[in-house]
Amino acid sequence: MYIIAHLQEVNWLAVGVTTIISFPLGMLWHNKILFGKAWAEDAKSKFDTNNKANVIRLFSLTALFHFIAITALACLIGKDSSALHGLITGFCISMAWIFT
């Protein structure tokens with residue numbers, strides 16, 4: 001019941017827009033110009049046009065997982081918080097789970 005109450009307070013427009021915006025940001029982040037070359041070397045991956053990956057499945061699952069993560073962050077931040085509170089919460093989550 002507590003989870004449902006949090007989900008009812010989520011700004012779904014903001015979650016949807018943020019999910020969509022995460023794709024161009026990810027494209028820039030993993031581009032060869034920024035960090036793509038270092039990422040590919042570290043992941044032992046190649047920028048290969050002959051890659052046989054299922055692109056539709058890959059991007060669909062990525063969108064789903066981004067949506068879930070952004071929804072969880074929206075529930076954690078709450079509806080009555082400021083942009084600064086959201087920024088601090090996102091930073092703390094990044095430091096605790098992503099960078100470690």
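Visitor: In which helix is Gly-36 found?

Guide: This is a predicted model. In it, Gly-36 belongs to helix H3, which covers residues 36-42.

Visitor: Is Gly-36 buried or exposed?

Guide: Gly-36 has a relative accessible area of 0%. Buried means under 20%, so Gly-36 counts as buried.

Visitor: How far is Gly-36 from Leu-73 in space?

Guide: Their C-alpha atoms are 26 Å apart, and 37 residues separate them in sequence. A second pair can be read in the same manner: Gly-36 and Cys-75 are 39 residues apart along the chain, with 31 Å between their C-alpha atoms.

Visitor: Where does Cys-75 lie, then?

Guide: Cys-75 is part of helix H4. Its relative accessible area is 18%, so Cys-75 is buried. Setting aside neighbours within four places in sequence, Cys-75 is in contact with His-6, Leu-7 and Val-10.

Visitor: Which other residues of H4 are buried?

Guide: Along with Cys-75, the buried residues of H4 are Ile-70, Thr-71 and Ile-77. Their cover includes helix H1 (2-8), H2 and H5.

Visitor: How do I read the length of a helix such as H4?

Guide: Compare its reach with the span expected at 1.5 Å a residue. H4 has 23 residues and reaches 32 Å from its first C-alpha to its last, close to the expected 33 Å. Just after H4 comes Gly-78, with a positive phi of about 90°.

Visitor: What does the comparison give for H2?

Guide: Helix H2 runs over residues 12-29, 18 residues in total. From first C-alpha to last, H2 reaches 25 Å, which is close to the 26 Å expected. At the start of H2, a side-chain oxygen of Asn-11 comes to within 3.3 Å of the backbone nitrogen of Leu-13.

Visitor: Which residues of H2 are buried, and what do they pack against?

Guide: Start with the general idea. An α-helix has 3.6 residues a turn, so residues three or four places apart point the same way. In H2, the buried residues are Val-15, Thr-19 and Ser-22. The buried residues of H2 pack against helix H4 (55-77).

Visitor: What is there to see at Thr-89 in helix H5?

Guide: Begin with burial: at 13% relative accessibility, Thr-89 counts as buried. Next, look at its polar atoms. A polar atom of the Thr-89 side chain lies 2.8 Å from the backbone oxygen of His-85. Last, list the contacts. Leaving out neighbours within four places in sequence, Thr-89 is in contact with Leu-73, Leu-76 and Ile-77.

Visitor: How does one find a pocket?

Guide: Rolling a probe the size of a water molecule over the atoms shows where empty space is left. Here, the second largest pocket holds about 300 Å³ of space.

Visitor: Which residues lie nearest the centre of the second largest pocket?

Guide: Asn-11, Ala-14, Ala-74, Ile-77 and Gly-78 lie nearest its centre, out of 16 lining residues. Asn-11 has already come up at the start of H2, and Gly-78 just after H4.

Visitor: Which helix gives the most to that lining?

Guide: H4 does, with 4 residues. H2, H4 and helix H5 (83-98) each supply at least two residues of the lining.

Visitor: How many of the lining residues are nonpolar, polar and charged?

Guide: The lining of the second largest pocket has 8 nonpolar, 6 polar and 2 charged residues.

Technical notes
Residues are numbered from 1 along each chain as its sequence is written. This is a predicted model: local features need pLDDT of at least 70, side-chain atom pairs count only at pLDDT 80 or more; totals for chains, interfaces and linings use all residues. Side-chain values use heavy atoms; hydrogens and water are left out. The expected span of a helix is 1.5 Å times one less than its number of residues. Buried means under 20% relative accessible area, exposed over 50%, partly exposed in between (1.4 Å probe, protein chains only). Contact means heavy atoms within 4.5 Å. A polar contact is a pair of N or O atoms within 3.5 Å; within protein, one must be able to donate a hydrogen and the other to accept it, and residues adjacent in sequence count only if both atoms are side-chain atoms. On a 1 Å grid over the protein atoms alone, a cavity is a set of points where a 1.4 Å probe fits but cannot get out, and a pocket is an open set with protein on both sides within 12 Å along at least five of seven lines; lining residues have an atom within 4 Å of a point. Grid points are joined across faces, edges and corners, and a volume is the space filled by probe spheres set on the points. Ala, Val, Leu, Ile, Met, Phe, Trp, Tyr, Cys and Pro count as nonpolar, Asp, Glu, Lys and Arg as charged, and the others, Gly among them, as polar.
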